[in-house]
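Student: I should like to understand how structural terms are assigned. May we work through a case together?

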Amino acid sequence: MIKTIADSSQYPFKWIDITDPDEEELKQVREKYALHESSISDWLQPDHLPKYETVGQYVFIIFRMHCQTVGAEADTVGELTDKLAIFMTKDSVITMHKQPWNEAEPILKDQVDQHDCDNTVHLVNEIIKSCIATYEAPSLKLTKDIEYYEENMFLKNRKASLLKGLYYLRRRVEVTRRILMLSHDIVEKMDMPDHSNTYTRDTRDLYVKLHNIYDTLFENMNHLVMVYFSISSQRTNEIVRVLTVFSVFFMPLTFIVGIYGMNFDFMPELRLKWGYPGVMILMGVITFGIYVWFKRRGWL
């Protein structure tokens, strides 16, 4: 679907928004605005990463914005982000996307009209700023998710589902952080000295802020995974320690029982009246001695 958002009769530029075009619409737009086939090919790739390049008379930008809703196990570029292609010339801007994008009208009304955008660079800056802002709410949710896993790791029982959740959470942070890193060049180009202003610097500031947030989340996530395995290892060591302590208690007792279980005819202790209670008392004394020794060493 092809829709004209801003007409050149009212604005210093023309803005056309295209949603999920079919082959005929793509052909029409490509021929009318002289779009290179390689640009269209890049846009058609579902998982294409962010890029900024000059192609002939226009600038071609692919920017990825965060999806509004993602699944609990979403961990790929395609599952976490939607792609927005921007074709920018001196007098026109074409935005193209597969999924519905409802920000075009609000950008025109709340940003372009209010900020007095007098060229296409300023318009594209507002579009990119809007796309970057989509990463803000997910960063807050990721922070809450990390806090949830921290609470469960340190205060509650650890389960297999916890490790699975940690894996997908780490993947989500990693993929989102990588997308933001690859978007750096686009933000830099928008804030070039020849067309830099307050609004392009605001876009840069927003980008830097979110980039730092996701860097911190990534570091926290790695730390959390390491802590999880450390705690799991510590718990295993505790179990092994307890089993070792029990084995030390029973080793001398098993030794004594093994000797008197051989049943040789010429074992003098077998005929003693107080042999059985004597051995039981000896085993008790050994057990108590081991317990006292462990207690003094701080092993119990």
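**Reasoning from values to terms**

Tutor: This is a predicted model. Let us start in helix α7 (residues 160–182), where Arg170 and Glu174 are both found, 4 residues apart, or about one turn of the helix.

Student: What makes the contact between the side chains of Arg170 and Glu174 a salt bridge?

Tutor: Their N to O distance is 3.3 Å. A salt bridge requires a side-chain nitrogen of Lys or Arg within 4 Å of a carboxyl oxygen of Asp or Glu, so the pair Arg170 and Glu174 qualifies at 3.3 Å.

Student: Why is Arg170 called partly exposed?

Tutor: Arg170 has a relative accessible area of 27%. Buried means under 20% and exposed means over 50%, with partly exposed in between, so Arg170 at 27% is partly exposed. Glu174, at 28%, is likewise classed as partly exposed.

Student: How do you know that Lys141 and Asp145 are separated by about one helical turn?

Tutor: They are 4 residues apart in helix α6 (residues 136–155), which means a separation of about one helical turn. Their side chains meet in a salt bridge at 3.2 Å, N to O. Asp145 has 18% relative accessibility; the limit for buried is under 20%, so Asp145 counts as buried.

Student: What makes Lys51 buried and Glu53 partly exposed, given that their side chains meet in a salt bridge?

Tutor: The N to O distance in that salt bridge is 3.1 Å. Lys51 has a relative accessible area of 19%, and because buried means under 20%, Lys51 is buried. Glu53, at 24%, lies between the limits of 20% and 50% and is therefore partly exposed. Lys51 and Glu53 also belong, with Asp42, to a network of salt bridges. A search of the whole structure finds 10 salt bridges.

Student: Turning to the sheet, why are β1 and β3 said to stand at the edges?

Tutor: The sheet is open, has 6 strands with mixed pairing, and follows the order β1-β2-β6-β5-β4-β3. β1 (2–6) and β3 (51–55) each have a single partner strand, so one side of each is left without a neighbour in the sheet.

Student: How do you know that β2 and β6 pair?

Tutor: Two strands pair if there are at least two bridges between them. β2 (residues 14–19) and β6 (residues 92–97) run parallel and are joined by 6 bridges, so they meet that requirement. Within this arrangement, Trp15 stands opposite Val93 in β6.

Conventions:
Residues are numbered from 1 along each chain as its sequence is written. This is a predicted model: local features need pLDDT of at least 70, side-chain atom pairs count only at pLDDT 80 or more; totals for chains, interfaces and linings use all residues. Side-chain values use heavy atoms; hydrogens and water are left out. Helices (H or I, at least four residues) and strands (E, at least two) are DSSP runs, numbered from the N terminus. Buried means under 20% relative accessible area, exposed over 50%, partly exposed in between (1.4 Å probe, protein chains only).
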